[in-house]
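Here is a short report on one protein chain. Look at the structure first, then read on.

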Amino acid sequence: MKFIPLHTTNTAIIYKNSICSAATMLVLTFFALSVLVPLLMVSLLSPYSGIAESRILYEQPKVQFQYKSIFYGETKKEGSLITCSTFPLLNDAVVSNDDPDKCDGIKYWTEDLDYDGTIDRVHFVQQLESLDEKLLAFDVVLFFDAHLEHKCHLSPPAVLIEHIDIPYSSQLTSGVITIRADLALKQYVEFTCPFPGRYVKTKFRHLTIPSNSSNIGKFNIESLLDRLKSNPAYYQLEIQEHYFRKASPEQGLIIQFHIDILQLGARYHLSIWERLGQFWLYFASFFGISFYIMNKLKDFLFGNHIVRSWEIIPWKKLY
């Protein structure tokens, strides 16, 4: 005769003891260790596990020209400074009878290369009459507004200041100077955006110069740079290439900037909720392993009667 098993039932062994006993304290200790060990592991490995207080997010800023600009040109004539700007009082203060106004105006236009509604490239042109002396160097200040909106609305100052020295062989009185550059973000500290429980946002000191300002000191390049660099972050130009082409005096002098607006990496300070979300992922993985090991260790101690407790024997085992 052969017996064929048709049904089996697993029975669980239950241990019990009084609340104030060594066995109870041991169980509570194992449970605490199953929680504390993962916490310790995550805190020790956090510099290498990706849990950080900041994150780099890439975004293409939305730019808008304020139609304000300043051009300072230095020529071989000692003490001569060519000034072209959109600030009438600045022009009147520096233009004299010996140095007549050489400015012909400015041009500005934009391009949306991928037709997504965001400006991808801007063009700025400063036009001057033909100069009496060769141009040695010049400074350009362009006033823009540029916004970041990925996490919150941020507007670092976008006053683009650039100094260009012209090589000796390329110095000219008339012609075309072409400069290609990328818009870049100079950032000293992480941006902070508001989140539930803490309504703090990074603030900036914007360079505001009224169009009718008569304070000439406000238009000084060094003064503008000092005010610009006192911010947590600001935009600047990264020159990629420049060309100098001489032309006939009838054409005048044209200085043109072609600026690409690319995606920029900005560092953001993570909120406590974002860091908790990262922490929970690592904690859960370590907790599963720790809880399994502690449970096995606890079963071994009780099953081998290393730790004494009352055993509840199932009724089926008695018969």
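Is Arg180 buried, partly exposed or exposed? Arg180 is partly exposed, because its relative accessibility is 34%. Keep in mind that this is a predicted model.

**The chain as a whole**

The chain has 319 residues, and 39% of them are buried. It holds four helices and 13 strands. Its exposed area is about 19500 Å². Carbon and sulfur atoms supply 57% of that area. Now take the contacts between residues at least 6 apart in sequence. Of these, 77% join residues at least 24 apart.

**Salt bridges**

Five salt bridges turn up in a search of the whole structure. The table lists three of them.

| Pair | Closest N to O distance |
|---|---|
| Lys102 and Asp132 | 3.6 Å |
| Arg180 and Glu241 | 3.7 Å |
| Arg267 and Glu190 | 3.9 Å |

Start with Lys102 and Asp132, whose side chains meet in a salt bridge. The two residues are 30 apart in the sequence, and the pair links distant parts of the chain. Lys102 sits in the loop between helix 2 (88-94) and strand 5 (103-111). Asp132 sits in the loop between strand 6 (121-128) and strand 7 (135-147). How does burial compare for the two partners? Lys102 has a relative accessible area of 14%, so it counts as buried. Asp132 reaches 64%, so it counts as exposed.

Next come Arg180 and Glu241, with a salt bridge between their side chains. This pair also links distant parts of the chain, with the two positions 61 residues apart in sequence terms: Arg180 belongs to strand 9 (residues 175-187), and Glu241 to strand 10 (residues 233-246). Glu241 has 33% relative accessibility and is partly exposed.

The third pair is Arg267 with Glu190. Arg267 is in strand 12 (residues 264-269). Glu190 is in the loop between strand 9 and helix 3 (221-229). The two are 77 residues apart in sequence, so their salt bridge ties together separate parts of the chain. Both partners are partly exposed: Arg267 has a relative accessible area of 26%, and Glu190 has 30%.

**A buried charge without a partner**

Which buried residue has no salt bridge, with Lys229 as the nearest side chain of opposite charge? That residue is Glu162. The distance to Lys229 is 11 Å. A salt bridge needs nitrogen and oxygen within 4 Å, so this pair does not qualify. Glu162 is part of strand 8 (residues 158-165). What does Glu162 touch, leaving out residues up to four places away in sequence? Its contacts are Phe138, Asp139, Val140, Leu237 and Ile239.

**Nonpolar cores**

The largest nonpolar core has 45 residues. Seven names stand out for touching the most other members: Phe138, Ile177, Phe191, Tyr235, Ile255, Phe257 and Ile259. Strand 7 gives this core its largest share, six residues. Another core lies apart from it. That one has 15 residues, including Ile70, Phe87, Phe143 and Val159.

Look more closely at Phe257. Leaving out residues up to four places away in sequence, Phe257 touches Val122, His123, Phe124, Phe138, Val140, Ile179 and Leu237. Phe138, Val140 and Leu237 are also among the contacts of Glu162.

**A nonpolar patch on the surface**

Nonpolar side chains also appear on the surface. Leu33, Val37 and Met41 form a patch there. Together they have about 200 Å² of accessible area. Val37 belongs to helix 1 (residues 22-49). With 34% relative accessibility, Val37 is partly exposed.

**Two unusual backbone angles**

Most residues other than glycine have a negative phi. Two tyrosines go the other way. Tyr67 has a positive phi of about 60 degrees. Tyr115 has a positive phi of about 55 degrees. Where do they lie? Tyr67 is in strand 3 (residues 62-75), whereas Tyr115 is in the loop between strand 5 and strand 6. Both are exposed: the relative accessible area is 51% for Tyr67 and 73% for Tyr115.

How values were computed:
Residues numbered from 1 in each chain as written. Predicted model: local features only at pLDDT ≥ 70, side-chain atom pairs only at ≥ 80, totals over all residues. Heavy atoms only, no water. Buried < 20%, exposed > 50% of the residue type's maximum accessible area, 1.4 Å probe, protein only. Lys, Arg positive; Asp, Glu negative; His and termini not counted. Contact = heavy atoms within 4.5 Å. Core = buried A, V, L, I, M, F, W, Y, C linked by side-chain atoms within 4.5 Å. Patch = residues over 30% accessible without salt bridge, like charges linked within 9 Å, V, L, I, M, F, W, Y side chains within 5 Å. Areas by Shrake-Rupley, 256 points an atom, 1.4 Å probe, with all protein chains shown as cover.
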